[in-house]
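Q: I'm new to this one, so could you walk me through it slowly? I'll ask as I go along.

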Amino acid sequence: MCVGLPRQARWARPALAAGWLVVCGMAMACSHGCALPGGVVAWPGVFAGGPDVMLLVPLGLVAALARTPRDCSASFGAALVVIGGGIVSSIGAGWVLLALCRTTQAGRRHAPDMMALLLLAAGSRSPGQVDYLLPGLCWLATRGLLGLSFSLRVAPRGLRPFHMADIAAMIAAMSLWARLPAGTAAADMRWGGVLIVAGCLFYMTASWRALRAPDARRVLTGLAGGTGAIIITLAGLMLLARADDLPGMAACAQRTYLLVAGLLLAGVLGARALDVMEREAGALSLGRLGGLGVLMPRLSALFALALLAESGLPPLLGFSIIWMLLRLLASMPHAGGLAGEAPLLLALAVLGVGWAVRMLALVRIVAVMLCGRPRTPRGAGAADPPAREQWAVLVAGLPIVLVSIWPGWWLALMQGAGGTGGWSGLAVVALTSPDGGAALHPPRLCLFVALVGGVVAVVRWLACRAPTRQVAGWQQGAPGVPPWMVFGDPLTQVGPGNPARMLLDLVAAAPARQYFVRDYAHGLRLARRLVRVGAGRVAGAACWRRVPGPVVLLAACVGALMFIAWRGQG
């Protein structure tokens with residue numbers, strides 16, 4: 001059944017999908033130097049060609065798999081951003097923002113983004129005069145497209161659900177950042193540091209929102225916000241590399257940028273899997289959903305693949321991006337000694353904390369949604385859909401598998417004839433660091449993980465042999481488990497609120513944790529008393545009793561990262 005389209009226009013969706021796939025093929029042909037029949041109509045100021053035109057490849061896959069009119073509209077707007085000039089790209093970005101706005105309140109929230117788009121369009125006509133403002137205007141204009149926010153709210157008003165339109169919006173934002181003109185060395189250096197700081201903070205807040213999200217779609221929204229934060233960080237690294245004349249670092253940042261474009265295909269797979277799950281199992285609230293790993297094993301495996309790629313676990317594409325990002329941060333120009341190494345270590349610590357919170361969000365949604373128990377009759381009666389609908393989700397998952405195993409082929413495809421890739425670059429499957437001293441081989445990593453998985457499967461099959469005859473389980477006098485609770489006693493199952501507690505129980509017992517928390521709180525009170533005695537009664541009553549510890553830690557991280565941004569880079 002074609003969702004979102006009238007009965008008389010069911011033929012339109014296959015026709016649109018075929019058209020978008022043709023657009024993908026034409027973009028690849030033009031990027032690799034193939035001349036189209038009849039040539040290309042040049043229209044200066046309206047349509048602009050460049051390396052970012054290859055973003056039509058992931059955008060075409062997104063639009064071909066879109067099912068609702070809102071997703072199709074956002075895809076058309078993103079296509080205008082990719083192929084249009086300065087004015088047309090800003091109009092297309094505004095179109096995408098309007099497609100994302102479903103309520104009046106959301107429209108008011110995106111009003112500053114619209115104004116920033118207008119100023120960005122005006123500044124793109126005279127980049128030599130306002131080049132020091134364009135990165136800031138692009139940041140404000142793409143904030144709504146990338147889903148970036150410093151807010152920790154996870155309410156429905158503060159965190160919208162994830163759909164295909166959000167992936168198209170991220171591709172539009174990537175195109176805006178890719179065509180940002182070069183400014184002066186001082187402006188690029190300062191803005192590069194600011195963007196690195198903002199990217200780190202956005203990554204932390206997005207990971208926290210993914211951990212606290214109440215339903216599966218908003219968990220994916222938080223994960224996508226972390227991907228948007230990586231885009232901002234890479235943009236800052238490219239500005240720094242351009243200002244310091246570091247071609248190796250700039251080329252590595254560009255390759256990582258293209259890998260992030262490939263990672264958006266994991267969001268396509270997650271969105272398609274959630275569409276089918278919502279239709280089969282009902283609402284996607286984590287308080288009601290569970291047990292899909294047993295009830296819908298094939299679809300759950302594909303959804304878990306999308307989650308693993310987004311989380312950054314090896315050997316999928318997210319791990320390759322994290323590896324490249326760490327290498328880029330290590331290649332940043334910095335002074336020697338402890339004073340020069342401390343800002344880099346603090347930046348890596350902030351990203352590490354954000355990645356750890358992101359992993360907890362992954363554990364939470366897998367433990368509750370796939371490994372928990374059903375909490376509604378409709379969820380308990382869910383099953384894998386017919387093979388026709390599963391093939392559509394499998395087709396969405398095939399690109400992310402191929403890109404994860406051979407990222408060098410994806411880079412050669414996206415860079416085209418104008419880059420260092422091209423058809424001759426298809427033989428390069430490894431990822432190289434900016435200094436050329438380290439290389440990552442994802443095919444070997446995938447082969448190792450597959451070998452370990454096969455050994456585990458064989459050992460499990462040997463250790464868990466089925467009994468030769470039926471053996472009744474001993475219930476200790478308790479009644480049998482109802483048929484709709486196929487996972488046993490509900491008190492022993494993982495709920496939506498305690499996956500983190502389950503992990504802590506594996507590390508230390510509950511009494512030991514209580515003693516540790518009590519001693520930590522007592523020590524913190526003693527430390528505050530010592531500070532109040534040293535700073536005076538007035539300072540203690542005015543500040544230390546009102547400012548919580550996490551705010552002080554966040555302020556320290558901001559100060560450390562601002563030191564990276566504004567210190568001399570020469």
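Q: Let's start somewhere specific: which helix does Gly 144 lie in?

A: Gly 144 belongs to helix α7, residues 134-146, where helices are DSSP runs of H or I with at least four residues, strands are runs of E with at least two, and both are numbered from the N terminus. Residue numbers count from 1 along each chain as its sequence is written. This is a predicted model, in which local features need pLDDT of at least 70 and side-chain atom pairs count only at pLDDT 80 or more, while totals for chains, interfaces and linings use all residues, and side-chain values use heavy atoms, with hydrogens and water left out.

Q: And is Gly 144 buried or exposed?

A: Gly 144 counts as buried, at 6% relative accessibility; buried means under 20% relative accessible area, exposed means over 50%, and partly exposed is in between, using a 1.4 Å probe and protein chains only. Its C-alpha is 9.5 Å in space from that of Met 114, and the two residues are 30 apart in sequence.

Q: What is the average pLDDT of the protein?

A: The average is 75, and 71% of the residues score at least 70; pLDDT is the predictor's confidence in each residue, from 0 to 100.

Q: Which elements have the lowest and highest mean pLDDT?

A: Helix α22 (residues 537-544) has the lowest mean, 44, and helix α8 (residues 164-178) has the highest, 90. Residues 1-5 also have pLDDT below 50, and beyond near neighbours in sequence this stretch has nine contacts in the model, a contact being heavy atoms within 4.5 Å. Over residues 537-545 pLDDT stays under 50 as well, and the model has seven contacts for them beyond four places in sequence.

Q: OK, zooming out, how many helices and strands are there?

A: The protein has 23 helices and two strands. Of its 570 residues, 45% are buried, and among contacts with a separation of 6 or more, 81% are between residues 24 or more positions apart.

Q: How many salt bridges come up?

A: The count comes to six, where a salt bridge is a side-chain nitrogen of Lys or Arg within 4 Å of a carboxyl oxygen of Asp or Glu. One of them pairs Arg 217 with Glu 278, with their closest N and O atoms 3.0 Å apart. That pair links distant parts of the chain, since Arg 217 is in helix α10 (residues 216-243) and Glu 278 is in helix α11 (residues 247-281), 61 residues apart.

Q: How accessible is Arg 217?

A: Arg 217 counts as buried, at 5% relative accessibility, whereas Glu 278 is partly exposed, with a relative accessible area of 34%.

Q: What does Arg 298 pair with?

A: Arg 298 meets Asp 384 in a salt bridge, at 3.5 Å from N to O. Arg 298 sits in helix α13 (residues 297-311) and Asp 384 in the loop between α16 (377-380) and α17 (387-405), 86 residues apart. Asp 384 is buried, with a relative accessible area of 18%, while Arg 298 counts as exposed at 56%.

Q: What about Glu 310, which residue does it meet in a salt bridge?

A: Glu 310 meets Arg 358, again at 3.5 Å from N to O. Glu 310 lies in helix α13 and Arg 358 in helix α15 (residues 337-370), so the pair ties together parts that are 48 residues apart in sequence. Glu 310 is buried, with a relative accessible area of 10%, and Arg 358 counts as buried at 2%.

Q: Since α13 keeps coming up, how many residues does it have?

A: Helix α13 has 15 residues and reaches 20 Å from its first C-alpha to its last, close to the 21 Å expected at 1.5 Å a residue; the expected span is 1.5 Å times one less than the number of residues. Its buried residues include Leu 299, Phe 303 and Glu 310.

Q: What follows α13?

A: Gly 312 follows α13, and its phi is positive, near 100°. Pro 314 and Pro 315 are joined by a cis peptide bond, with omega about 10°, and Pro 315 is placed in the loop between α13 and α14 (317-330).
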